[in-house]
Amino acid sequence: MEVRLERLVGRRVVDRDGRGIGHIEEVRAEEVGGELRVVEYLTGTLGARRRLMLATLPLHAAGVLGIPLAGSGYRIPWRELDLTDPDRPRTRCRREELPRDGG
Amino acid sequence: MDLVREVLDSRVLDRAGQPIGRVDGIVLRLRDGEPPVVTDLALGGLTAVNRLRRPFRGVVAWIVTRWGLRAGRAYRIPWSRVHDVGIDVTVGVDERETPAHAWERRIGRSIVRRLGG
């Protein structure tokens, strides 16, 4: 099955209980054995900050600039995101089981 | 690699460094029990239009195809032909193989015909 990444960006993700965990902002991949494999999906402002290259900005500086601080995004490992319906992505786990923004 | 920040919407250069378009889309193949893989980059066609939300997608698609601004399928470049991802994405294709070149040739012939050349 093919999925278009650009159609995933901005999609709202819910967990297995139907609770919202943000919108897909970034997709991280790594090259393994000649393949470019998806590692994780980033939601919320975590992904947006990475796209703006602000992920390493000191937290206090981000706060001064009014940028939301840690805890506002999730990292969804590839195996935890169900893309059976790409228009309605959902995780296979509860949001409490997902790693939060670590920078 | 961050696919949205580093690849999506980046300019694509052919092996000679000539621009041939932008990455309008990235194709993922889902596999049971294994991580999704990037199979192709998609350039042109209605790829960029399809990123719009309804109802704008349908309206814009009608407009651009009605006026011949974009048509048909996107041009796909297999990920295996991507040489480098930096400020631009460099791929191992020749600009003459691409629809962008075909479109330019068509326009050029049309202009020359009108000039009587």
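**Exercise 1. The second largest pocket**

How many residues line the second largest pocket, and which lie nearest its centre?

*Solution.* The model is predicted, so local features need pLDDT of at least 70 and side-chain atom pairs count only at pLDDT 80 or more, whereas totals for chains, interfaces and linings use all residues; side-chain values use heavy atoms, with hydrogens and water left out. Residues are numbered from 1 along each chain as its sequence is written, and chains are lettered from A and ligands numbered from 1 in the order in which they are written.

Step 1. Fix the term: on a 1 Å grid over the protein atoms alone, a pocket is an open set of points with protein on both sides within 12 Å along at least five of seven lines, and a lining residue has an atom within 4 Å of a point.

Step 2. The lining of the second largest pocket holds 15 residues. Nearest the centre lie A:Leu81, A:Leu83, A:Arg92, B:Leu30 and B:Arg31.

Step 3. The elements that give two or more residues to this lining are β6 (81-82) of chain A and, from chain B, β3 (25-31) and β4 (34-43). Strands here are DSSP runs of E with at least two residues, helices are runs of H or I with at least four, and both are numbered from the N terminus.

Step 4. By class, the lining of the second largest pocket has seven nonpolar, two polar and six charged residues. Ala, Val, Leu, Ile, Met, Phe, Trp, Tyr, Cys and Pro count as nonpolar, Asp, Glu, Lys and Arg as charged, and the others, Gly among them, as polar.

Step 5. The volume of the second largest pocket is about 270 Å³, a volume being the space filled by probe spheres set on the grid points, which are joined across faces, edges and corners.

**Exercise 2. The two chains**

Describe the make-up of each chain.

*Solution.* Step 1. Chain A has three helices and seven strands, in the order β-α-β-β-β-α-α-β-β-β along the sequence.

Step 2. Chain B also comes to three helices and seven strands, and its elements run α-β-β-β-β-α-β-β-β-α from the N terminus on.

Step 3. Buried residues (under 20% relative accessible area, with exposed over 50% and partly exposed in between; 1.4 Å probe, protein chains only) make up 40% of the 103 residues in chain A. In chain B, 40% of the 117 residues count as buried.

Step 4. Consider contacts (heavy atoms within 4.5 Å) between residues at least 6 apart in sequence: in chain A, 52% join residues at least 24 apart, and in chain B, 48% do so.

**Exercise 3. The interface and the core**

Characterise the contact between the chains and the largest nonpolar core.

*Solution.* Step 1. Chain B gives 28 residues to the contact and chain A gives 27.

Step 2. The buried area, that is, the accessible area (1.4 Å probe) that two parts lose on being put together, summed over both, is about 2,600 Å² between the chains, with 55% from carbon and sulfur atoms. On the chain B side, B:Arg5, B:Leu28 and B:Leu30 lose the most area to chain A, together 22% of what that side buries.

Step 3. B:Leu28 lies in strand β3 of chain B and is buried, with a relative accessible area of 0%. Beyond its neighbours within four places in sequence, the contacts of B:Leu28 include A:Met1, A:Leu5, A:Val38 and B:Val37.

Step 4. The largest nonpolar core (buried Ala, Val, Leu, Ile, Met, Phe, Trp, Tyr and Cys residues joined through side-chain atoms within 4.5 Å) has 38 residues; among those touching the most other members are A:Leu5, A:Tyr41, B:Ile26 and B:Val91. The largest share of this core, four residues, comes from β3(A).

**Exercise 4. Two residues of chain B**

Locate B:Leu13 and B:Asp9 and describe their settings.

*Solution.* Step 1. B:Leu13 lies in strand β1 of chain B and is buried, at 12% relative accessible area.

Step 2. B:Leu13 and B:Val91 are 78 residues apart in sequence, yet 6.2 Å apart from C-alpha to C-alpha. B:Val91 is also one of the contacts of B:Leu13, together with B:Gln18, B:Pro19, B:Asp88, B:Val89 and B:Thr90, neighbours within four places being left aside.

Step 3. B:Asp9 occupies the loop between α1 and β1 (11-13) of chain B. B:Asp9 is partly exposed, at 38% relative accessibility.

Step 4. Most residues other than glycine have a negative phi. B:Asp9, although not a glycine, has a positive phi of about 75°.

Note on methods
1 Å grid on protein atoms, 1.4 Å probe; cavity = no way out; pocket = protein on both sides within 12 Å on 5 of 7 lines; lining within 4 Å.
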